[in-house]
Amino acid sequence: MMALRINMKRVWIGIISAIALAGGSSIRTTTFAQSPSQSFPPVSSVKQLMLDLIHPSSNDILLAIYRGGPKDEKEWAAVRRSAVTLAESGNLLMMQGRARDQGDWMKDAKLLVDVGNSAYRAAQAKDVTALAGLAGAVDAACTTCHKQYRPNVFPKDGGTK
């Protein structure tokens with residue numbers, strides 16, 4: 001029994017030594033790793049993001065607010081999902097290949113990230129009052145961008161881009 005313990009101890013020391021000598025490279029290297037400097041190509045267009053992620057998520061949050069807030073855990077979970085989707089969609093709009101400029105586009109996308117994060121925090125805390133207070137911010141995040149980049153949506157206001 002004692003010989004078995006000593007042999008197992010030697011095996012573990014050997015394994016740990018081999019990892020240390022290799023610099024742990026066998027642990028850190030995978031075929032899926034990508035260096036941080038490499039960009040990830042967009043999978044969908046801005047239009048697809050708007051139609052399939054941003055618009056439905058913002059509508060779901062606003063509907064929950066206008067109906068007096070989520071009533072149960074299932075509805076709170078739906079608001080959390082929509083809030084995360086909204087926040088991450090803002091990040092997706094800032095990706096190379098989607099960002100139209102480094103000025104207003106980035107500021108407008110950041111508004112989406114911020115309101116999504118705020119909605120998530122309110123939903124996580126199940127705070128109906130905080131969530132209701134975000135109705136204007138959700139609307140503003142959308143209309144601010146649309147006035148600049150989709151002037152046909154607001155023809156009376158025109159547009160700058």
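Where does R98 lie? R98 sits in the loop between helix 4 and helix 5. The close-up views below come from a predicted model.

**View 1. R98 in its loop, a buried charge without a salt bridge.** The loop that carries R98 runs between helix 4 and helix 5. R98 is buried, yet no salt bridge is found for this residue. The nearest side chain of opposite charge belongs to E88, and that side chain is 10.0 Å away. A salt bridge needs the two atoms within 4 Å, so E88 does not qualify as a partner. The R98 side chain instead reaches a backbone oxygen, that of S44, at 3.0 Å.

**View 2. The surroundings of R98.** Neighbours within four places in sequence are left aside here. The contacts of R98 then include P42, V43, S44 and V46. L49, L92, L93 and W105 are also in contact with R98. One of these residues, S44, offers its backbone oxygen to the R98 side chain. Another, W105, returns in the aromatic pair of View 6.

**View 3. E73 and R80, joined by a salt bridge.** The structure holds four salt bridges. In this one, the closest N and O atoms of E73 and R80 are 2.9 Å apart. How exposed is E73? E73 has a relative accessible area of 38%, so this residue counts as partly exposed. R80 has a relative accessible area of 18% and is therefore buried; the cut-off for buried is under 20%.

**View 4. E73 and K126, a salt bridge between distant parts of the chain.** The closest N and O atoms of this pair are 2.6 Å apart. E73 is in helix 4, which covers residues 73-93. K126 is in the loop between helix 5 (104-124) and helix 6 (128-132). The two residues are 53 residues apart. K126 is partly exposed, with a relative accessible area of 44%. Taken with View 3, this pair completes a network of salt bridges that links E73, R80 and K126.

**View 5. K107 and D104, a salt bridge in helix 5.** The side chains meet at 3.6 Å, N to O. Both residues lie in helix 5. They are three residues apart, about one turn of the helix. Are they buried or exposed? K107 is exposed, at a relative accessible area of 54%. D104 has 24% relative accessibility, so D104 counts as partly exposed.

**View 6. W105 and Y149, an aromatic pair.** The count comes to one aromatic pair. The ring centres of W105 and Y149 are 4.9 Å apart, and the planes stand at 85 degrees, so the pair is edge-to-face. Distant parts of the chain are linked here. W105 belongs to helix 5 and Y149 to helix 7 (residues 135-149), 44 residues apart. W105 and Y149 are both buried.

**View 7. S57 in helix 3.** Helix 3 spans residues 46-66 and holds S57. The relative accessibility of S57 is 6%, so S57 counts as buried. Which residues is S57 in contact with, leaving aside its neighbours within four places in sequence? The contacts are S82, T85 and L86.

Key: Residues are numbered from 1 along each chain as its sequence is written. This is a predicted model: local features need pLDDT of at least 70, side-chain atom pairs count only at pLDDT 80 or more; totals for chains, interfaces and linings use all residues. Side-chain values use heavy atoms; hydrogens and water are left out. Buried means under 20% relative accessible area, exposed over 50%, partly exposed in between (1.4 Å probe, protein chains only). Helices (H or I, at least four residues) and strands (E, at least two) are DSSP runs, numbered from the N terminus. Rings of Phe, Tyr and Trp (its six-membered ring) pair if their centres lie within 6.5 Å; planes under 30 degrees apart count as stacked, over 60 as edge-to-face and the rest as tilted. Lys and Arg count as positive and Asp and Glu as negative; His and the chain ends are not counted. A polar contact is a pair of N or O atoms within 3.5 Å; within protein, one must be able to donate a hydrogen and the other to accept it, and residues adjacent in sequence count only if both atoms are side-chain atoms. Contact means heavy atoms within 4.5 Å.
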